Amino acid sequence: MDSGPMSVDSSAMDAPAPSKSTADEPKYGGHSRFELELELVQSLANPLYLNYLASRKFLTNPAFVAYLDYLQYWTRPPYLKYLTHPTASLKMLQLLQQEKFRQDIMSPDLAQAMMVEGVRAAVEWHREA
């Protein structure tokens with residue numbers, strides 16, 4: 001398999017353990033695979049980041065799309081508890097499973113509308129609390 005920046009190592013398709021790092025765990029830039037995947041899933045809550053990924057053609061790359069499918073393990077315990085904004089992150093992860101959404105998020109207008117809607121929902125939530 002290609003080892004380029006947009007390839008997926010299929011030998012590592014099992015979800016990483018959410019336990020503390022061990023000395024023999026591989027590090028990527030000083031971070032564990034668990035930490036990197038957690039950061040990526042949390043980043044998916046940002047529609048502007050999704051627009052960036054779409055504009056750089058990541059969302060049309062079959063290997064990256066397969067990786068997004070793999071990341072669905074974050075929807076289940078014990079991983080779910082590590083997400084700071086689980087609703088937004090997991091909703092975007094769910095939407096990214098749909099080809100139409102991956103195409104539509106290329107539009108800066110859609111990304112901006114999603115940002116506005118997210119802020120509006122947060123303001124309403126705080127008013128109700």
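**Exercise 1. Classify the exposure of A88 and place the residue in its helix.**

A88 has a relative accessibility of 35% and counts as partly exposed, where buried means under 20% relative accessible area, exposed over 50% and partly exposed in between (1.4 Å probe, protein chains only). The model is predicted: local features need pLDDT of at least 70 and side-chain atom pairs pLDDT 80 or more, while totals for chains, interfaces and linings use all residues. Residues are numbered from 1 along each chain as its sequence is written, and side-chain values use heavy atoms, without hydrogens and water.

Next, the position: A88 lies in helix α4. Helices are DSSP runs (H or I, at least four residues), numbered from the N terminus. The C-alpha atom of A88 is 8.4 Å from that of Q42, with the two positions 46 residues apart along the chain.

Last, the neighbours in the helix: S89, L90, M92, L93 and L95 of α4 are buried. Their cover includes α1, α2, α3, α5 (99-104) and α6.

**Exercise 2. Classify the ring pair F34 and W74.**

Step 1 is the rule: rings of Phe, Tyr and Trp (its six-membered ring) pair if their centres lie within 6.5 Å, and planes under 30 degrees apart count as stacked, over 60 as edge-to-face and the rest as tilted. The rule gives 10 aromatic pairs.

Step 2 applies it. The centres of F34 and W74 are 5.3 Å apart and the planes stand at 35°, so this pair is tilted. F34 is in helix α1 (residues 33-43) and W74 in the loop between α3 (62-70) and α4 (86-95), 40 residues apart, so the pair links distant parts of the chain.

Step 3 adds burial. F34 is buried at 9% relative accessible area, and W74 is buried at 0%.

Step 4 widens the view: ring pairs join F34, F58, F64, Y67, Y70, Y73, W74, Y79 and Y82 into a cluster.

**Exercise 3. Describe the packing of α2 against α6.**

First, the geometry: the two axes, lines fitted to C-alpha atoms over the stretch in contact, with angles from 0 to 180 degrees between N-to-C directions, come within 8 Å and cross at roughly 165°.

Second, the class: angles under 35 degrees count as roughly parallel, over 145 as roughly antiparallel, 65 to 115 as roughly perpendicular and the rest as oblique. Therefore α2 and α6 are roughly antiparallel.

Third, the residues: P47, L48 and N51 of α2 meet P108, A111, Q112, M114 and M115 of α6, contact meaning heavy atoms within 4.5 Å.

How values were computed:
Helices (H or I, at least four residues) and strands (E, at least two) are DSSP runs, numbered from the N terminus.
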